[in-house]
Each structure stands twice: as C-alpha cells, then as structure tokens.
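Work through the exercises below with the sequence and the structure at hand. Each task is followed by a worked solution.

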Amino acid sequence: MPESRYAYFMIASLALGYWASILHRERQLGDLPARNRRTSAVRVLGGWYLASFLIAFGGGATLAVTMYFSTESRTFAWTWLALLGWAALCSTAILIWAVTRRVRGDDAASIAVDNELRLQDSRFLPPVFFPVASLIDPLFSHRSPPGFTWWMVGYAALAVAAAFVAYRQDARRPALPPGVYGTDETSSPVPEPRAH
C-alpha cells in the first residue's frame, strides 16, 4: 500500500471539512443581491488550472491503471487509484461549488469582488498537492514499482509545471475597479496633520 495514503487522505479530508464550514457560514449570511447569470467555468478557473486538474487526477489514474495491469504491485496500484478517486471527489466538489454558485452583487465593483472570491474558493484545494504527495512512495518508501519511479516523478513535475503557469496567470489578473469595498472596523482613524 502507498505510504502517501496518509497525506492523500488527510489533505483531502481536512480541506473538505474546512470548506464545508465555510459553506455553512456563507449560508448564514442570508439573502445577498444575486444575479441568475453565472460566470463560465473556464473564465473562473482558467485553462491552465483545468489542465493541472486533469494532469493530477487523469494522469495519476492512467499511471495507476497501467501499473495494475503491467506489474505485480496490484495492491499498490488499486489503493493509489482509490486515493486519487477520493482526492478528485473532494477537489471536484469544491470546484463545482465555486463555479456554479450564483453571482452575488449588483454593480461592477461587487461583481468584481465576487469573481475574485470565486477564484480564491476554486483554489482552496489545489490538485497539485496530490502528485507531489505521491512522490513519497518512489523517493522515500520505495513501495511503488521500480519501473514506475521516473514515470511518477515526471507526472508530478508536469502537474507542478501546469500549476505554476496557472498561478502565474492568476497573478496577472486586473485590479478591482474603483468602488467602495467596505471599511476595516479594527483600524484606527488617520489623525489630522497638526498646523505649526
């Protein structure tokens, strides 16, 4: 069995539990102005983020199935496939919620803030965590099939590269438009300059 199973299970389960508590608190906000229009998934997530998602789960599943049919390490392969399935289920639940919830806002500024929050929500459980966690097995515990060591390293490197490009694109997002975004009640007022 993969040693990375602990990392997979803990990362996915803790993130899902924390996300559920955020969802509960958001429902307690009550009725906010909302539009029925939804933003497209590609616009919210970005193509490179979707690519990193597909590499992390589709690429990992492909490796696990290939491992199952071409090596004697069948227990390792199906366990890893089950762990990928759990991680994919948790990540997908968060992504679907981030993409499909209604747009909250009634003007350009509040819609821009909603889009920014939607993007941050979608990044709550980055799929790149799981290919990196899978490196525990070939590099440290040596429980993965020896012939798949470099395949698993390449798989993790490809997922990290796609996630890096996605985060670089996120950093180039335009700034929020001018608007009133609320006040920070904990900050003290700025003192008036003294006349000499």
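**Exercise 1.** Find where confidence in this predicted model is lowest and where it is highest.

Solution. Begin at the low end: strand β1 (residues 34-35) has a mean pLDDT of 60. At the high end stands helix α3 (residues 47-70), with a mean of 92. For the chain as a whole, the mean pLDDT is 80, and 84% of the residues reach 70 or more. Where pLDDT is low, predicted coordinates should not be read in detail.

**Exercise 2.** Identify which residue forms a salt bridge with Arg123, and state what parts the pair ties together.

Solution. A salt bridge requires a side-chain nitrogen of Lys or Arg within 4 Å of a carboxyl oxygen of Asp or Glu. The closest N and O atoms of Arg123 and Asp170 are 3.0 Å apart, so this pair qualifies. The count by this rule is one salt bridge. Next, place the partners: Arg123 is in the loop between α5 (108-122) and α6 (129-133), and Asp170 is in helix α8 (residues 149-171), so the bridge ties together parts 47 residues apart in sequence.

**Exercise 3.** Decide whether Asp170 is buried or exposed, and list its contacts beyond four places in sequence.

Solution. The relative accessibility of Asp170 is 13%. Buried means under 20%, so Asp170 is buried. Arg123 is buried as well. Beyond four places in sequence, Asp170 contacts Leu119 and Arg123.

**Exercise 4.** Describe the surroundings of Leu81.

Solution. Leu81 belongs to helix α4 (residues 74-100). With a relative accessibility of 34%, Leu81 is partly exposed. Setting aside neighbours within four places in sequence, Leu81 contacts Ala61, Ala64 and Val65. The C-alpha atoms of Leu81 and Leu63 are 8.9 Å apart.

Notes. Residues numbered from 1 in each chain as written. Heavy atoms only, no water. Helix = DSSP H or I, 4+ residues; strand = E, 2+ residues; numbered from the N terminus. Buried < 20%, exposed > 50% of the residue type's maximum accessible area, 1.4 Å probe, protein only. Contact = heavy atoms within 4.5 Å. pLDDT = per-residue confidence, 0-100.
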